[in-house]
Amino acid sequence: MSTSKGVQLYVEDNYVVMENGIVKVTLSKPDGIVTGIQYNDIDNLLEVRRKEIDRGYWDLVWSKEGSRGTTGIFDVIIGTSFKVIVQNEEQVEVSFTRVWNSSLQGKFVPLNIDKRFIMLNQSSGFYTYAIYEHLKEWPPFNLPQTRIVFKLRKDKFHYMVIGDNRRRNMPLPEDRLPPRAQELAYPEAVRLLDPSQPEFKGEVDDKYEYSCDDQDSKVHGWICTKPGVGFWLITPTNEFRAGGPLKQNLTSHVGPTTLSTFLTAHYVGEEMVLKFQKNEAWKKVFGPIFVYINSVPDGNDPLNLWSNAKNQMMVEVQSWPYNFPASEDLPRSNQRGSLSGKLLVQDRYKSSGYIPGKGAYVGLAAPGAVGSWQREGKGYQFWTKADQNGSFSIKNVRIGNYNLYAWVSTFIGDYRYDNAIKITAGANINVGTIIYKPPRDGPTLWEIGIPDRSAAEFYVPDPNPIYINKLYLKQDRFRQYGLWERYAELYPNSDLVYTVGSSDYRKDWFFAHVNRKKNDGTYQGTTWQITFPLENVTATRTYKLRIALAAANVAALEVRANDSKEKPLFKTGTIGKDNAIARHGIHGLYWLYNIDVPGSRLVKGKNKIFLTQTLCDNAFQGIMYDYIRLEGPPEEDS
């Protein structure tokens with residue numbers, strides 16, 4: 001194709017075609033479904049064996065007010081009206097809208113949805129974003145999920161790339177079907193028994209093994225080796241994604257399928273479902289996402305496509321916010337504000353002075369309680385990491401009202417700035433030096449783990465040899481299938497006992513506190529012990545046990561001291577639905593519990609803390625610890 005004519009737009013009865021001499025994109029009209037992507041000598045990168053509605057589309061899941069859980073009505077968003085927004089040689093932007101009214105109540109989600117597609121001159125791809133709007137007078141509803149999906153040709157795209165160390169050849173979709181495959185504990189996980197390519201025989205395929213933290217998911221996609229063509233989804237900003245930088249989402253998986261996920265309950269649970277109340281107005285823009293397509297000459301290493309895609313991702317990130325989308329709902333740089341400051345940590349038991357908040361996560365999100373950002377998705381979030389001195393700068397923030405949140409790895413807890421933050425266009429707010437005082441009563445008597453909101457530092461066992469994914473034999477071992485079953489194999493008759501002073505949490509603390517599967521197929525709760533010596537105990541003083549959790553799934557933790565039969569010192573009640581154990585996440589939602597331990601419950605010499613996870617209906621109930629610390633009573637100031 002030639003680029004001499006700039007961007008061309010052809011509007012037909014049932015289709016809209018955008019092309020710029022590099023890429024040709026066909027969309028159904030007025031549906032707004034991407035039915036074809038032509039590039040070089042490949043007439044369609046999308047799977048032509050699929051129906052047109054099932055190739056490239058926006059979708060969502062919604063449910064009626066009062067619905068429980070994370071499921072609902074699946075809806076591929078079909079437009080009912082088409083409009084040209086911009087048309088010139090340098091740029092085309094088109095709109096496919098679906099407008100809600102009361103006659104559609106109960107049939108469609110009560111949202112106005114405007115899907116946009118943009119093609120620029122000399123650009124090897126196209127952009128897409130969508131504007132969702134709920135008017136105040138419309139009925140309340142729940143929104144568990146929304147995303148964009150592309151399903152590529154299975155005869156072309158066989159090599160998937162999520163990161164530098166997460167890339168591999170992938171099986172075909174039919175390899176996942178019986179009798180070629182055996183379904184495992186849930187439908188997404190299968191063992192490949194007779195795949196079309198022998199290299200995959202005996203491996204487990206599960207799309208959740210390829211999930212990724214949003215902060216690390218700026219580009220991913222697929223490579224076709226003959227000819228050398230890459231198909232990539234590039235996310236220039238995470239401001240529109242729900243749940244903050246550590247929120248995990250699906251990326252690419254067998255299909256070949258590639259996703260850009262904006263909102264899901266994965267690795268969080270129902271708390272991540274957006275629940276709109278009566279008289280609640282809402283508008284949010286999801287995207288833009290850049291669909292980037294590249295190629296290498298015959299004979300060149302196809303992995304050069306990945307290197308090029310990473311370079312293009314950096315171009316897109318540095319170009320954000322874009323200045324070319326036509327919607328006023330996408331503010332440009334001069335319509336945004338910024339915030340800066342310096343974060344220091346005060347913990348007198350670690351240092352007599354202030355400690356720089358090195359590498360602290362600092363972000364602006366919707367006003368709420370301390371730590372509420374990890375469950376928030378209606379608004380926008382803007383995050384950065386502080387430098388080695390604790391200095392931070394958050395740029396290109398949309399106008400609006402926010403709270404300033406932070407947390408610092410190696411310290412427990414969450415920070416929230418006392419004052420509300422109002423961002424206006426052109427504002428450059430400096431909050432000065434802010435001080436985070438993490439929870440602390442007394443000196444550390446002992447600790448287990450690293451307070452980093454992850455269980456990755458703990459012992460992750462080798463997988464059962466019949467359940468391996470070769471990609472994770474030497475890295476990210478927690479992503480292997482079936483590790484929850486290994487606990488009972490390692491501890492067949494008694495539970496984990498950790499001895500402070502001699503045990504090593506990297507070897508002796510199992511990464512997940514799970515149930516034990518019994519011979520009859522049922523499960524029983526498990527009680528872990530921490531044994532530790534105390535040289536002196538003041539019976540009249542109060543000690544403090546800090547337990548930070550990296551994940552919890554329909555679990556209930558009970559804590560006892562020195563008598564496993566006594567009334568618990570503390571009970572969490574039933575917590576969590578993040579399903580991180582089953583979905584190979586080493587973290588889900590963060591929880592922190594601060595537990596008073598009366599000195600009268602402790603003794604001079606050997607002591608024991610009992611941690612019992614009591615709910616035991618299935619294999620996936622349990623918790624992942626982030627960090628545990630016992631503090632002595634506060635020391636008197638000298």
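Start by selecting I421: setting aside neighbours within four places in sequence, its contacts (heavy atoms within 4.5 Å) are L339, L364, G400, N401, Y402, L404, I429 and V431. I421 lies in strand β32, residues 421-423; helices (H or I, at least four residues) and strands (E, at least two) are DSSP runs numbered from the N terminus. With a relative accessibility of 5%, I421 counts as buried, where buried means under 20% relative accessible area, exposed over 50%, and partly exposed in between, with a 1.4 Å probe and protein chains only. For a sense of scale, draw a distance from the C-alpha of I421 to that of A561: they are 140 residues apart along the chain and separated by 44 Å.

Before moving on, keep in mind that this is a predicted model, in which local features need pLDDT of at least 70, side-chain atom pairs count only at pLDDT 80 or more, and totals for chains, interfaces and linings use all residues. Residues are numbered from 1 along each chain as its sequence is written, and side-chain values use heavy atoms, with hydrogens and water left out.

Next, select L404. Its contacts, again without neighbours within four places in sequence, include L339, I421 and V431, along with F392, I394 and Y415. L404 is also one of the residues with the most contacts inside the largest nonpolar core, together with F150, W509 and Y625. That core has 174 residues; a nonpolar core is a set of buried Ala, Val, Leu, Ile, Met, Phe, Trp, Tyr and Cys residues joined through side-chain atoms within 4.5 Å. A second, separate core has six residues, among them L246, Y361, A365 and W373.

Now colour the nine-strand open sheet, whose order is β7-β8-β9-β10-β24-β19-β18-β12-β13 with antiparallel pairing; two strands pair if DSSP finds at least two bridges between them. β7 (81-87) and β13 (166-169) stand at the edges with a single partner strand each, so one side of each has no neighbour in the sheet.

Zoom in on β9, residues 112-120. Nine of its nine residues are buried, so the strand is largely enclosed by the rest of the structure. One side carries N112, D114, R116, I118 and L120, the other I113, K115, F117 and M119, and all are buried. In a regular strand the side chains alternate between the two faces of the sheet.

K115 makes a handy landmark here. On the β8 side, F96 stands opposite K115, and eight bridges join β8 (91-98) to β9. On the β10 side, K115 stands opposite A130, and seven bridges join β9 to β10. Follow the chain through the hairpin of β9 and β10, with four residues between the strands, to find Q122 with a positive phi near 60°. Step across once more: the bridge partner of A130 in β24 is F286, and β10 and β24 pair over nine bridges.

For the last stop, select helix α1, residues 304-319. Its 16 residues reach 23 Å from first C-alpha to last, close to the 22 Å expected at 1.5 Å a residue, a span taken as 1.5 Å times one less than the number of residues. Which residues of α1 are buried? They are L305, W306, A309, Q312, M313 and E316. Seen down the axis, these fall within an arc of 120°, so they line one face of the helix; the arc is that of the directions from the helix axis to the C-beta atoms. On the other side, N311 and Q318 are exposed. The buried residues of α1 pack against β10, β12, β18, β19 and β24.
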